[in-house]
Amino acid sequence: MPDYDEIYQEGATPWEIGGPQPALAEVMTRGASVLDLGCGTGELAISLARRGHQVTAVDISSVAIERARTKAFAAAVTVDFRVCDVIELAMDPFDIVFDSGLLHSLHRWGGVEGYLALLPTLLVPGGSLFVLAIGVEADQGWGVTEDYLRSVFTAPDWTNTKVMPAEVAAFWNGDHIRLPGYLTSTTRT
């Protein structure tokens with residue numbers, strides 16, 4: 001697994017686009033308590049807090065979390081930012097959980113099985129999970145498939161799973177790019 005503190009210090013963060021992923025904009029208005037997994041510098045978490053949600057956001061990078069705290073302070077919103085490895089996360093369940101790029105990273109670098117086992121414990125029964133992931137169609141040498149997403153979000157833990165094509169925005173070598181991916185929405189049974 002890469003050293004994310006080093007990546008943030010070097011500024012090699014194509015997922016930092018100056019706001020939340022556009023594909024998540026339509027699903028940001030429901031629920032009260034929200035968990036943002038792999039929050040990076042906090043764009044999604046801050047947007048959710050602006051909408052009145054009680055937000056907890058976690059990332060493995062202390063550099064990213066420090067930047068997120070600075071952004072939240074400047075935006076005059078409250079977000080509970082925490083540095084932690086999501087695989088070791090133990091928290092009371094939330095109404096909504098967002099994953100904007102974490103699943104495909106764990107799928108690529110390892111730890112995805114433990115992560116998938118953890119996800120149902122982070123949601124109240126009937127809670128919603130939204131996962132935005134880059135697809136193999138992006139031709140990056142990694143990514144997830146629609147079939148994979150459908151296979152991991154099934155009963156007995158999940159119901160009403162929908163996997164829809166979506167674009168994942170990135171900023172790379174000075175250019176804004178759009179990569180093919182998937183937005184998965186599902187409900188904890």
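**Entry 1: L119.** I started at L119 and looked up its contacts, leaving out residues up to four places away in sequence: L119 touches L37, L129, F153 and W158. A note to self before going on: this is a predicted model.

**Entry 2: the core around it.** Next I asked which residues have the most contacts inside the largest nonpolar core. They are L35, L37, L119 and F153, in a core of 28 residues. I then listed the elements that give two or more residues to this core. The strands on that list are β1 (33-37), β4 (94-100), β5 (123-134) and β6 (158-172). The helices are α4 (102-109), α5 (112-118) and α6 (146-152). I also found a second, separate core, with 27 residues, including L24, A57, I134 and A166.

**Entry 3: aromatic rings.** I counted four aromatic pairs in the structure. One of them joins F153 and W158, edge-to-face, with 5.7 Å centre to centre and 75 degrees between the planes. Are these two buried or exposed? Both F153 and W158 turn out to be buried, and both are also on the contact list of L119. Elsewhere in my notes on rings, Y4, Y8 and W15 make up one aromatic cluster.

**Entry 4: out to the surface.** Here I looked up a nonpolar patch formed by M1, I60 and W109, whose accessible area together is about 310 Å². Where does I60 sit? I placed I60 in the loop between β2 (54-59) and α3 (62-75). I put I60 down as partly exposed, because its relative accessible area is 39%, and the range for that label runs from 20% to 50%.

Conventions:
Residues numbered from 1 in each chain as written. Predicted model: local features only at pLDDT ≥ 70, side-chain atom pairs only at ≥ 80, totals over all residues. Heavy atoms only, no water. Phe/Tyr/Trp six-rings, centres within 6.5 Å; stacked < 30°, edge-to-face > 60°. Buried < 20%, exposed > 50% of the residue type's maximum accessible area, 1.4 Å probe, protein only. Core = buried A, V, L, I, M, F, W, Y, C linked by side-chain atoms within 4.5 Å. Helix = DSSP H or I, 4+ residues; strand = E, 2+ residues; numbered from the N terminus. Contact = heavy atoms within 4.5 Å. Patch = residues over 30% accessible without salt bridge, like charges linked within 9 Å, V, L, I, M, F, W, Y side chains within 5 Å. Areas by Shrake-Rupley, 256 points an atom, 1.4 Å probe, with all protein chains shown as cover. Salt bridge = Lys/Arg side-chain N within 4 Å of Asp/Glu carboxyl O.
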